[in-house]
Amino acid sequence: MPVVVIRPFNIFGPQRVGDNVTRRFILNALTNKDLTVYGDGAQIRSWCYIDDFTTGVVSTLDEEKAIGEAFNIGNAFNVITAYNLAKTVIDICSSKSKIVFKEIDFRDIDIRVPDIKKASRILGYNPKIDLDTGLERTIEWFKNNLESLNN
């Protein structure tokens, strides 16, 4: 059976379900509630917009050399700290939200950035959506669907 393993890295975008930090930050910023950042907010993450992620996944279906391989699919260029992500979301939303810090009561990873060289080499994977553009698109979707998301 032909198999490909995909390791997604911090995917965000419109219609993303489940609890995740971008969803929490955006919903709170749109309603002027505080955004909670754990620790000092220095944790580094790399964010991948959903369109780039799906392009990477679909490319594994089109490339025979992908069979039997594992790929990191993310965007190694959209790197930001948790604190700066919160600030960016507040700025894009023109929110009055404040950032509050909470002690970390769980094990966290300091830096999470994918090495996408293999995906680039074999799949031609090259993420295109920068963080601000992805956040703007995501925030716009959340604004347009805020009422249904709060029910």
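**Close-up 1. Asparagine 72 and the residues around it.** The backbone oxygen of aspartate 115 lies 3.0 Å from a polar atom of the asparagine 72 side chain. This is a predicted model, and that goes for every view below. A second polar contact, at 2.7 Å, ties the side chain of asparagine 72 to the side chain of arginine 7. Asparagine 72 belongs to strand S6, which covers residues 70-73. With a relative accessible area of 14%, asparagine 72 counts as buried. Setting aside residues up to four places away in sequence, asparagine 72 touches Arg7, Phe9, Pro114, Asp115, Ile116 and Ala119.

**Close-up 2. A three-stranded open sheet.** The strands line up in the order S7-S4-S9, with mixed pairing. At the edges stand S7 (79-81) and S9 (111-112); each has a single partner strand, so one side of each has no neighbour in the sheet. Look next at S4, residues 44-46, which runs parallel to S9 and is joined to S9 by two bridges. Here arginine 45 sits opposite arginine 112 of S9.

**Close-up 3. Two charged side chains over rings.** Arginine 112 turns up again here, lying over the face of phenylalanine 9 at 4.4 Å from the ring centre. The other example pairs lysine 118 with phenylalanine 71: the charged end of lysine 118 sits over that ring, 5.5 Å from its centre. Phenylalanine 71 also features in Close-up 6, as one of the members of a nonpolar core of 11 residues.

**Close-up 4. Aromatic rings meeting edge-to-face.** Searching the whole structure turns up four aromatic pairs. One of them is formed by phenylalanine 12 and tyrosine 49, with ring centres 5.6 Å apart and planes at 70°, so this pair is edge-to-face. It bridges distant parts of the chain: phenylalanine 12 is in strand S2 (residues 11-12) and tyrosine 49 is in strand S5 (residues 48-49), 37 residues apart. Are these two rings buried or exposed? Phenylalanine 12 is buried, at 1% relative accessible area, and tyrosine 49 is buried too, at 4% relative accessibility. Another pair joins tryptophan 141 and phenylalanine 142; their centres are 5.2 Å apart and their planes stand at 85°, so that pair is edge-to-face as well. Phenylalanine 142 is buried, with 2% relative accessible area. Back at the phenylalanine 12 site, Phe12, Trp47 and Tyr49 make up one aromatic cluster.

**Close-up 5. Helix H1 and what packs against it.** Seven of the 10 residues of H1 are buried, so the helix is largely enclosed by the rest of the structure. Which residues of H1 are buried? They are Thr22, Arg23, Phe25, Ile26, Leu27, Ala29 and Leu30. Those buried residues pack against S2, S3, H3 and H5. Just after H1, asparagine 32 takes a positive phi of about 55°, a residue picked up again in Close-up 7.

**Close-up 6. Two nonpolar cores.** The largest nonpolar core has 22 residues, and Phe25, Leu30, Leu85, Val89 and Leu135 touch the most other members. The elements contributing two or more residues to this core are H1, S3, helix H3 (82-93) and helix H5 (131-149). Valine 89 gives a good view of the packing: leaving out neighbours within four places in sequence, valine 89 is in contact with Phe25, Ile26, Ala29, Leu135 and Ile139. Apart from this core lies another, of 11 residues, including Ala66, Phe71, Ile73 and Tyr125. As a bit of background, nonpolar side chains tend to be buried together in soluble globular proteins.

**Close-up 7. Two asparagines with positive phi.** Asparagine 10 isn't a glycine, yet its phi is positive, at about 45°. Asparagine 10 is in the loop between strand S1 (5-8) and S2. At 18% relative accessible area, asparagine 10 is buried; the cut-off for buried is under 20%. Asparagine 32 has a positive phi as well, near 55°, again in a residue other than glycine. Asparagine 32 sits in the loop between helix H1 (21-30) and strand S3 (35-38). Its relative accessible area is 41%, and asparagine 32 is therefore partly exposed.

Conventions. Residues are numbered from 1 along each chain as its sequence is written. This is a predicted model: local features need pLDDT of at least 70, side-chain atom pairs count only at pLDDT 80 or more; totals for chains, interfaces and linings use all residues. Side-chain values use heavy atoms; hydrogens and water are left out. Two strands pair if DSSP finds at least two bridges between them. Helices (H or I, at least four residues) and strands (E, at least two) are DSSP runs, numbered from the N terminus. Buried means under 20% relative accessible area, exposed over 50%, partly exposed in between (1.4 Å probe, protein chains only). A polar contact is a pair of N or O atoms within 3.5 Å; within protein, one must be able to donate a hydrogen and the other to accept it, and residues adjacent in sequence count only if both atoms are side-chain atoms. Contact means heavy atoms within 4.5 Å. Rings of Phe, Tyr and Trp (its six-membered ring) pair if their centres lie within 6.5 Å; planes under 30 degrees apart count as stacked, over 60 as edge-to-face and the rest as tilted. A charge sits over a ring if NZ of Lys or CZ of Arg is within 6 Å of the ring centre and within 35 degrees of the ring normal. A nonpolar core is a set of buried Ala, Val, Leu, Ile, Met, Phe, Trp, Tyr and Cys residues joined through side-chain atoms within 4.5 Å.
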